[in-house]
Amino acid sequence: MSNSESSGVRFYTTPSPGYADDIVAAFESKHPGIKATFDHDHAARLFARVLQELIEARCPADVMLLNRQQAEALKQRGLLQPYRSPEAQSFPQRAQDADGFATQVFMVPFSLAYHRGKLSSEEVPTTYEQLLEPRWKNQLLFPDPRLSGSGSGWYAIMKDEMGEHFLRELATQNLICKQHAEDHLAAGEGVILIAAMIDRIEKLKFDGAPVDWVPMPIMMVAGPHAVLFRDAPHPEAGKLLIDFFLSEEGQTIMSRYHIPNRPGINMRDPMFAAELQRLEGSRLTTFSSRHGRDYQINHASCVELFARND
């Protein structure tokens, strides 16, 4: 690594940066010549920002953690450079880009959540079609797709699985689009949350909130992929950072906050092991290259349909 590249590395993160301080401290301890910094913002807003920065060749970051449909969109525009970390060989194929541009660092499953003070477990829908029943009108929360990548991601997955007619019918239920929708559910706004981040629901439960989630027949599994920008200011330091994200040490740190993708990690938070058990029997669906190609179309359609009443 040249001296010009040894001074620092910067990454963008669309997932909540709760893990970032621990990762940065451990990375800097392992590589004392490199100072790591990061920026965080909501997925839709940060993606729009980084896309503009990359197109105008003024992006100060080297690496980004973002969902696969957004990673694919950058890849297809030629804004990434391939980097297959030697650590990636330990990861399952589902977590890796076939062309070597990205590896999914951790997995984030999404399902249906509900307020236990307003609904018994027997009343919770067990199929997505049941969400169209009249009783749920004006009662369904949804992650605001103008800010949250999970909202438009769920839309893209369900467009394939359930069809556009289902999504148009769901929109007539007048979804309540909220940033940090899990917190709004816990506060008693709405009865059911569609596309709830299971990790967040479990943490709210642990803190005493009257919320829970149910496995659905089809469930979206998202999670950030680590990518290296084509014109990264510090590409070698960026590669070292990606290596660390995927290493056993980095994945163990991640396991305090999320479900790591690297097999064999002794998870620091037993909550995540319990989550995995509850997911057995559900079909876990993730994004394809087509979702990356159609990202902006699906995002715009999701905003138009689901957020039009806000």
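Reader: How far apart are the end C-alpha atoms of helix α8 (residues 235-246), and what span should its twelve residues have?

Author: This is a predicted model, and helix α8 can be checked against a simple rule in it. At 1.5 Å a residue, counted over one less than the number of residues, the twelve residues of α8 should span 16 Å. The end C-alpha atoms of the helix agree with that span, being 17 Å apart.

Reader: Is α8 mostly covered or mostly exposed, and how many of its residues are buried?

Author: A residue is buried when its relative accessible area is under 20%. Among the buried residues of α8 are Pro 235, Leu 241, Phe 244 and Phe 245. Asp 243 is also one of the buried residues. The helix is mostly covered, and its buried residues number nine of twelve.

Reader: How many helices and strands does the whole protein have, and what is its radius of gyration?

Author: The protein has twelve helices and 14 strands. For 310 residues the globule rule gives 19 Å, and the protein comes close to it, so it is as compact as a globular protein of that length. Its radius of gyration is 19 Å.

Reader: What box do the C-alpha atoms of the protein fill?

Author: The box is taken along the principal axes. Its dimensions are roughly 65 × 40 × 30 Å.

Reader: What percentage of the residues of the protein count as buried, and how much area does the protein expose?

Author: Of the 310 residues, 57% count as buried. Carbon and sulfur atoms supply 48% of the area that the protein exposes. That exposed area is about 12,800 Å².

Reader: Among contacts between residues at least 6 apart in sequence, what percentage join residues at least 24 apart?

Author: A contact here means heavy atoms within 4.5 Å. Counting contacts between residues at least 6 apart in sequence, the share that joins residues at least 24 apart is 77%.

Reader: Where does Phe 110 lie, is it buried or exposed, and how far is its C-alpha atom from that of Ile 198?

Author: Phe 110 lies in strand β6. Its relative accessibility is 5%, so Phe 110 counts as buried. Apart from neighbours within four places in sequence, Phe 110 is in contact with residues including Ser 150, Met 197, Ile 198 and Met 219. Ile 198 is 88 residues from Phe 110 along the chain, and their C-alpha atoms are separated by 5.5 Å.

Reader: Is Pro 125 buried or exposed, and which residues does it touch?

Author: Pro 125 is placed in the loop between β6 and β7. With a relative accessibility of 2%, Pro 125 counts as buried. Not counting residues up to four places away in sequence, Pro 125 touches Leu 112, Gln 130, Leu 131, Trp 136, Ile 192, Val 214 and Met 216.

Reader: In which loop does Pro 82 lie, and which residues is it in contact with?

Author: Pro 82 lies in the loop between β4 (80-81) and β5 (103-104). At 49% relative accessibility, Pro 82 counts as partly exposed. The C-alpha atom of Pro 82 is separated by 39 Å from that of Leu 170, 88 residues away along the chain. Leaving aside neighbours within four places in sequence, Pro 82 is in contact with Asp 99, Gly 100 and Phe 101.

Reader: In which loop is Asn 138 found, and what is its phi?

Author: Asn 138 is found in the loop between β6 (106-115) and β7 (140-143). Asn 138 is partly exposed, with a relative accessible area of 42%. Although the residue is not glycine, its phi is positive, near 65 degrees.

Reader: Where is His 180 placed, and what is its phi?

Author: His 180 sits in the loop between β8 (176-178) and α6 (181-186). Its relative accessible area is 47%, so His 180 is partly exposed. Its phi is a positive value in a residue other than glycine, near 50 degrees.

Reader: In which helix does Arg 168 lie, and how far is it from Gln 277 in space?

Author: Arg 168 lies in helix α5 (residues 164-171). At 44% relative accessibility, the residue counts as partly exposed. Arg 168 and Gln 277 are 109 residues apart in sequence, and their distance in space, C-alpha to C-alpha, is 33 Å.

Reader: How far apart are the mean positions of the positive and negative charges of the protein?

Author: The protein has 32 positive and 40 negative charges. The mean positions of the two sets are apart by 2 Å.

How values were computed: Residues numbered from 1 in each chain as written. Predicted model: local features only at pLDDT ≥ 70, side-chain atom pairs only at ≥ 80, totals over all residues. Heavy atoms only, no water. Helix = DSSP H or I, 4+ residues; strand = E, 2+ residues; numbered from the N terminus. Rg over C-alpha atoms; globule rule 2.2 N^0.38 Å. Buried < 20%, exposed > 50% of the residue type's maximum accessible area, 1.4 Å probe, protein only. Areas by Shrake-Rupley, 256 points an atom, 1.4 Å probe, with all protein chains shown as cover. Lys, Arg positive; Asp, Glu negative; His and termini not counted. Charge placed at Lys NZ, Arg CZ, Asp CG, Glu CD.
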